[in-house]
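Colleague: I should be grateful for a close look at a single part of the model shown below. Please set that part in its surroundings as you proceed.

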Amino acid sequence: MNDMAITTDGLVKHYPQVRAVDGLTLRVPRGSVYGFLGRNGAGKTTTIKLLLGLTRPTAGSARVLELDPRRDRVAILERTGYVSENKRLYEWMTAAELLCFTRSFYRTWSHQAAEKYIRRLEIPMRQPFKKLSLGNRTKVYLLLALAQRAELLILDEPTSGLDPVIMDELLHVLAEDHLGEGGTVFLSSHQLSEVEQIADWVGIIEQGKLLLEARLEDIKNDFRLITAAGEGLQPFGPPQVVSAVQAGAFWKYVVSRDAEGFAARLRQQGATVTDVSPLNLRQIFLELTRKEDPCTPGNGGEKAVAVLSHI
Amino acid sequence: MYAWKWWRESRGRIITYLILLVSTAVLFAWTAATLPFRSGNGAPKVAEAEVWRATLMSLGSIIVAFAGLGLGASGIGGEFEQGTVEFLLTRPRRRRYFVWAGWVTGAAALFITVALAVLCSFATLVYVMKSPSNWRMPVMIVPLFVFGAVVYSLTYFMTALVKNGRAGLTLSLGIIVLDLLLPVVVHLGWRIDLPSPLDVLVGSRWATVRGAHFPVAATLGWCLVALAFPLATQFLFERAEV
């Protein structure tokens with residue numbers, strides 16, 4: 001058995017006006033929580049649609065649970081739970097009816113699991129879906145995906161509208177039940193704090209291209225913010241520099257690896273390194289995806305992207 | 001289960017069409033059966049039966065057309081309009097399952113509606129006249145249903161084509177009006193007979209007029225047309241990108 005739940009190779013999806021996904025190569029290990037991050041319009045949802053066979057790729061290929069989404073869509077869907085970004089369900093159905101409707105499609109459906117999640121996520125089962133708040137709609141969608149007992153969960157913004165208590169409960173449910181049973185979670189989200197809490201792998205996408213894919217632990221160990229002061233400091237340094245910003249007498253460098261080596265080089269240039277501090281996922285994400293050139297004029301953001309592809 | 005969902009979504013409409021069609025059919029059967037020329041003057045009983053047939057076909061076909069439009073608009077196109085198509089297509093079933101489960105349920109509802117209307121109307125005729133003039137009358141279910149099925153299937157297809165229930169319904173209505181008018185215009189102008197779904201309805205004279213032929217070819221032909229639309233819908237739906 002392949003140890004990857006999802007792989008894509010040079011996946012491309014072009015629409016007439018947009019290159020939604022542009023040569024994406026992903027590796028999502030089995031049994032992991034993979035945080036798939038990107039700004040609005042970065043190509044996250046299109047990627048998910050390609051993985052589920054909802055849309056066809058312009059070029060490249062994808063494998064989900066070792067199956068091809070173009071040919072084996074039904075087999076993939078039997079083993080995959082999905083929470084879509086739009087959270088649209090039949091408005092007139094109650095949550096109980098939606099549960100009844102959905103379970104008829106799955107052989108692996110667990111009635112006990114459904115009962116448990118109804119209690120833990122405090123889902124109102126008798127109200128029509130149209131009368132539910134966004135948070136409760138999200139919970140119903142999550143319930144339908146979780147009770148399938150799927151090998152792979154693909155969650156597109158699964159926590160929108162959830163209050164912190166339920167969000168925390170959901171993260172526990174995912175960690176205890178799904179991952180405990182060897183499942184894989186592919187989590188697309190803007191909630192970087194929740195991704196940081198649960199993910200062990202992270203992929204960051206921008207304009208359909210993968211900027212970074214690595215273990216979260218490695219990213220957090222390697223990325224550093226270095227603050228230095230000195231004459232004649234260069235705004236752009238060795239390849240590991242993601243961004244360099246001048247703030248008064250100080251330069252702030254974000255490096256993707258070998259922070260100590262880079263700090264040593266700055267010192268060799270006569271600079272005083274005042275601080276080397278770790279970055280959280282949110283800061284790293286912002287550094288990688290900020291629109292304007294983080295470095296000096298003339299040194300395009302593309303440079304940073306190119307650098308990161310070597311991580 | 002998808003058939004259950006379809007029924008739950010459409011039952012209000014189905015019951016409305018059923019009440020409309022049955023009450024109209026019964027009312028006109030009663031009227032036809034109690035017309036003054038019916039009894040005592042030696043007129044053949046086929047007269048009131050013919051009045052009943054013609055009335056039922058005219059009014060019935062209008063109601064059935066509306067039923068076909070309404071039920072067709074509840075099909076796959078409605079899923080796009082409601083935004084539920086993504087949820088539906090991420091369930092582990094082939095796309096053709098959803099197309100045919102929806103279409104068969106709608107066609108069954110349409111058939112039951114038409115059959116009940118014709119049978120209730122026929123029962124009224126039997127009740128008022130004590131003895132029916134022609135036992136062929138219930139066969140009128142066939143032309144009325146085939147006509148309705150053509151409208152229903154066309155609408156079902158159009159909603160999938162434009163990915164919108166209401167827009168599909170409007171387009172379908174336009175095509176039906178055009179298809180009913182065009183043969184008449186062409187016939188008047190050039191004396192050429194174009195096929196029309198009305199041919200099937202006219203053929204219902206077989207039930208009441210001795211010597212009239214049942215339009216087997218037209219009925220079969222329009223049955224095939226009605227079946228071609230869900231096939232075309234399947235073709236579209238299997239290639240649709242969400």
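Which residues of the largest nonpolar core touch the most other members?

Modeller: The model is predicted, so that local features need pLDDT of at least 70 and side-chain atom pairs count only at pLDDT 80 or more, whereas totals for chains, interfaces and linings use all residues. Residues are numbered from 1 along each chain as its sequence is written, while chains are lettered from A and ligands numbered from 1 in the order in which they are written.

Within the largest nonpolar core, which has 150 residues, L98(A), V140(A), L143(A) and F186(A) touch the most other members. A nonpolar core is here a set of buried Ala, Val, Leu, Ile, Met, Phe, Trp, Tyr and Cys residues joined through C-beta atoms within 7 Å. A residue is buried if 20 or more other C-beta atoms lie within 10 Å of its own, exposed if 12 or fewer, and partly exposed in between, with C-beta atoms placed from the backbone. Helix α6 (residues 141–162) of chain B supplies the largest share of this core, 14 residues. Helices (H or I, at least four residues) and strands (E, at least two) are DSSP runs, numbered from the N terminus. Domain 1 (4–217) and domain 2 (223–308) of chain A each contribute at least three residues to the core; these bounds come from an automatic or database domain assignment. In soluble globular proteins, nonpolar side chains tend to be buried together.

L98(A) illustrates the arrangement. Apart from neighbours within four places in sequence, L98(A) is in contact with L89(A), Y90(A), M93(A), F129(A), V140(A) and L144(A), contact meaning that the C-beta atoms of two residues, placed from the backbone, lie within 7 Å.

F186(A) leads to the strands, as strand β7 of chain A covers residues 184–188. Strand β7(A) runs parallel to β3(A) and is joined to β3(A) by 4 bridges, with G35(A) opposite L187(A). Two strands pair if DSSP finds at least two bridges between them. Strand β3(A) also pairs in the parallel sense with strand β8 (residues 201–206) of chain A, over 5 bridges, and F36(A) stands opposite G203(A) there. In β3 (residues 33–38) of chain A, 6 of 6 residues are buried. Both faces are covered, with V33(A), G35(A) and L37(A) on one side and Y34(A), F36(A) and G38(A) on the other.

Strand β8(A) also serves the junction between the domains. There, 10 residues of domain 1 of chain A are in contact with 8 residues of domain 2 of chain A. The elements giving two or more residues to the domain 1 side are α7 (192–198), β8 and β9 (209–215) of chain A, and α7(A) gives the most, with 3 residues. By class, this side has 7 nonpolar, no polar and 3 charged residues; Ala, Val, Leu, Ile, Met, Phe, Trp, Tyr, Cys and Pro count as nonpolar, Asp, Glu, Lys and Arg as charged, and the others, Gly among them, as polar. The C-alpha centres of domain 1 and domain 2 of chain A lie 35 Å apart.

Since the core also includes residues of chain B, the chain contact completes the picture. This contact takes 17 residues from chain A and 15 residues from chain B. Helix α2 (residues 73–78) of chain A gives the most to the chain A side, with 3 residues, and that side has 9 nonpolar, 4 polar and 4 charged residues.
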